Amino acid sequence: MCLWTEYALVSSSSALSGRRVLLIIGGGIAAYKSLDLIRRLRERGVSVRAIMTRAAAEFVTPLSVSAVSETQVHQSLFDLTQEAEMGHIQLSRDADLLVVAPATAHMMAQMAHGLASDLATTALLATDKPVLLAPAMNVRMWTHVATQRNLATLIADGVSVVGPGDGNMACGEFGPGRMAEPLEIVAAIEAKLAGTSNNASSKLPLSGKHALVTSGPTHEPIDPVRYLANRSSGKQGHAIAAALAKLGAQTTLVAGPTQMADPAGVDVVHVETAREMLAACEAALPADIAVCAAAVADWRVEHNAEQKMKKDGKSPPSLTLVENPDILKTISRHKSQRPALVIGFAAETENVLAYAQAKRTRKGCDWIVANDVSPDTGIMGGDMNKVHLIFAETHEDWPQLSKGDVADRLVHRIADYFEELV
Ligand code: C5P
């Protein structure tokens with residue numbers, strides 16, 4: 001028995017039309033937003049089946065959820081098992097995506113530990129489909145080390161996260177913890193489902209395109225054992241390369257030294273210095289898309305020593321630095337092989353939008369992904385990112401997302417760009 005056949009789908013030309021979402025509504029005040037989320041999804045032709053936890057039913061009635069989703073709401077593990085053979089397993093697998101909104105601190109803790117105490121957590125443990133969380137909780141609960149530890153575990157397990165945003169909370173406090181708005185969740189669902197197809201034989205949106213990505217730091221030698229470096233982890237650039245490949249692009253990743261595994265389905269060229277990175281990028285052209293996410297060292301030592309430099313009891317050596325080539329600028333201004341779409345990154349600690357827009361013009365690239373890397377944001381080396389996507393005339397402010405989700409969403413925008421050109 002297919003659990004979805006009873007649905008009357010709203011006809012729509014949306015990219016989400018015909019997709020199936022299993023929405024798990026957790027017990028938090030933000031549960032009221034789940035009604036609007038269901039409505040927005042239904043407008044886009046998505047079939048929504050809902051599971052509510054016992055606590056969720058204290059905030060929003062199952063009758064309301066059933067009315068907007070136009071189907072029965074599931075609340076009890078035992079009812080469902082009686083109703084249909086292996087009901088909870090089938091429920092969790094018949095969807096294209098599981099969305100937990102609101103995801104409470106308790107729900108995240110249960111998921112991180114693989115607990116299955118009710119229908120919601122059992123479905124989450126039994127599923128073989130991707131999972132997207134929209135956390136919502138008090139600011140102290142969100143920033144608590146236990147929640148952040150659970151979040152890191154869930155991201156490492158491949159779970160995607162949208163939000164939470166900053167704002168006034170029902171409890172009277174202010175800060176991160178507000179659930180992402182329904183339309184932000186819809187955008188995250190769209191990005192998450194972009195790489196998966198309704199029809200396995202359909203052509204992927206970036207098939208036939210060649211994408212070039214730079215990622216990670218560069219190391220600039222001082223002598224055979226010492227080098228100049230920076231704190232870039234390569235997480236964002238590697239995730240972008242993986243997302244491009246997932247949407248069908250033939251992808252070349254030019255990677256500086258990182259701890260990251262090579263993404264599946266991507267041609268990886270490993271380099272150390274900025275000059276090696278530039279040479280590898282030029283060798284990889286022509287490309288349709290270039291995404292320069294690497295934190296290339298601005299300077300290198302003019303003359304690095306051939307042998308290890310020794311302390312000789314006198315004054316320490318002074319290093320003369322010279323400027324490294326600018327890879328993004330070189331690709332953006334390439335005379336014969338400029339990719340159709342060149343995207344740079346701007347890591348700023350103040351005036352993020354203004355500095356990023358100026359950088360876009362200076363470098364000659366098409367878009368800039370700008371982020372605030374002030375030390376208190378935890379973005380540098382962390383798993384989450386909050387970016388603005390800067391175009392020539394406009395910009396978009398994205399909610400806080402995992403770096404994997406930023407990559408999916410960016411690549412989805414890239415696919416839209418090429419689709420609009422056709
Ligand atoms: O100049 P800045 O380092 O702030 O610019 C950041 C953007 O430029 C990033 O996209 C980075 O990958 C790129 N970049 C580059 N080569 C450099 C310096 C930066 O490709 N030498």
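This report describes the ligand site, one enclosed helix and several backbone features of a predicted model.

**Ligand site**

The ligand occupies the largest pocket. Around the ligand stand Cys292, Ala294, Val296, Pro325, Asp326, Ile327, Leu328, Gly344, Phe345, Lys359 and Lys363. By class, this shell holds 7 nonpolar residues, 1 polar residue and 3 charged residues. Three elements each contribute at least two residues to the shell: helix H13 (327-332), strand E16 (341-348) and helix H14 (352-363).

Oxygen atoms of the ligand are approached by polar atoms of the protein, as tabulated below.

| Residue | Protein atom | Partner | Distance |
|---|---|---|---|
| Phe345 | backbone N or O atom | oxygen atom of the ligand | 2.7 Å |
| Lys359 | side-chain N or O atom | oxygen atom of the ligand | 2.3 Å |
| Lys363 | polar side-chain atom | oxygen atom of the ligand | 2.9 Å |

The ligand taken alone exposes 440 Å², of which the protein buries 84%.

**Helix H7**

Helix H7 spans residues 119-126, and 7 of its 8 residues are buried, so the helix is largely enclosed by the rest of the structure. The buried residues of H7 are Leu119, Ala120, Thr121, Thr122, Ala123, Leu124 and Ala126. In an α-helix there are 3.6 residues a turn, so residues three or four places apart point the same way.

**Cis peptide bonds**

Gly163 and Pro164 are joined by a cis peptide bond with omega about 0°. Pro164 belongs to the loop that runs between strand E5 (160-161) and strand E6 (165-168). Another cis peptide bond, with omega about 5°, links Leu285 to Pro286. Pro286 is located in the loop between helix H12 (274-284) and strand E13 (289-292).

**Positive phi values**

Glu70, a residue other than glycine, has a positive phi, near 60°. Its position is in the loop between helix H3 (62-69) and helix H4 (77-83). Asn351 likewise has a positive phi, near 40°, and is a residue other than glycine. Asn351 lies in the loop between E16 and H14, and both of these elements supply at least two residues of the shell around the ligand. How exposed is Asn351 in terms of relative accessibility? Its relative accessibility is 48%, and Asn351 therefore counts as partly exposed, since the exposed class begins over 50% and the buried class lies under 20%.

Terms used
Residues are numbered from 1 along each chain as its sequence is written. This is a predicted model: local features need pLDDT of at least 70, side-chain atom pairs count only at pLDDT 80 or more; totals for chains, interfaces and linings use all residues. Side-chain values use heavy atoms; hydrogens and water are left out. Buried means under 20% relative accessible area, exposed over 50%, partly exposed in between (1.4 Å probe, protein chains only). Helices (H or I, at least four residues) and strands (E, at least two) are DSSP runs, numbered from the N terminus. A residue is near a molecule or strand if one of its heavy atoms lies within 4 Å of it. A polar contact is a pair of N or O atoms within 3.5 Å; within protein, one must be able to donate a hydrogen and the other to accept it, and residues adjacent in sequence count only if both atoms are side-chain atoms. Accessible areas come from the Shrake-Rupley method with a 1.4 Å probe; for residues, only the protein chains shown count as cover. On a 1 Å grid over the protein atoms alone, a cavity is a set of points where a 1.4 Å probe fits but cannot get out, and a pocket is an open set with protein on both sides within 12 Å along at least five of seven lines; lining residues have an atom within 4 Å of a point. A molecule sits in a cavity or pocket if more than half of its atoms lie within 2 Å of its grid points. Ala, Val, Leu, Ile, Met, Phe, Trp, Tyr, Cys and Pro count as nonpolar, Asp, Glu, Lys and Arg as charged, and the others, Gly among them, as polar.
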